[in-house]
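Hello,

Here is the structure I promised to pass on. Have a look at it first, and my notes follow underneath.

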Amino acid sequence: MREVIEDILSILKTENLTLSDKQFSKRFLNKNPTYYAFLKSANKQPSMDAMVHLWRNLKQEAEICQYRLSLTNEPARRFYVQKNLELYKKLAAKAYNAMAT
């Protein structure tokens, strides 16, 4: 499951250049800011709790994008929000599938 977290973080960093490992640990995994660094350095797998939080937080980001999409009619903004909506849905599914296997 750590590989899935690494993939998701990498994709999120590509979309949000300011996202740090510490911010990811806190915002998406609901853990201590050093949690992800610990996983990497100790070669450990994430807890199921962390994976559930990751899935829920990605799903929540998708729901926020869906709401924002309903509020805007401006084409450029709609394109950007739609792109983020699809990204968060895809990443949430990836996190969920990792937990299910």
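**What helix α3 packs against**

The buried residues of α3 pack against three helices, α1 (2–15), α2 (21–27) and α4 (48–71). Here contact means heavy atoms within 4.5 Å, and buried means under 20% relative accessible area with a 1.4 Å probe, protein chains only. Helices are DSSP runs (H or I, at least four residues), numbered from the N terminus, and strands are runs of E of at least two.

A word on the source: this is a predicted model, in which local features need pLDDT of at least 70 and side-chain atom pairs count only at pLDDT 80 or more, while totals for chains, interfaces and linings use all residues. Residues are numbered from 1 along each chain as its sequence is written, and side-chain values use heavy atoms, with hydrogens and water left out.

Back to α3, which spans residues 35–42: Tyr 35, Tyr 36 and Leu 39 are buried there. Seen down the helix axis, the buried residues of α3 fall within an arc of 105 degrees (directions from the axis to the C-beta atoms), so they line one face of the helix. Just after α3 comes Asn 43, with a positive phi near 55 degrees.

As for the whole protein, it has five helices and zero strands. The radius of gyration, taken over C-alpha atoms, is 14 Å, close to the 13 Å of the globule rule (2.2 Å times the number of residues to the power 0.38) for 101 residues, so the protein is as compact as a globular protein of that length. Of those 101 residues, 36% count as buried.

Best wishes

Key:
Buried < 20%, exposed > 50% of the residue type's maximum accessible area, 1.4 Å probe, protein only.
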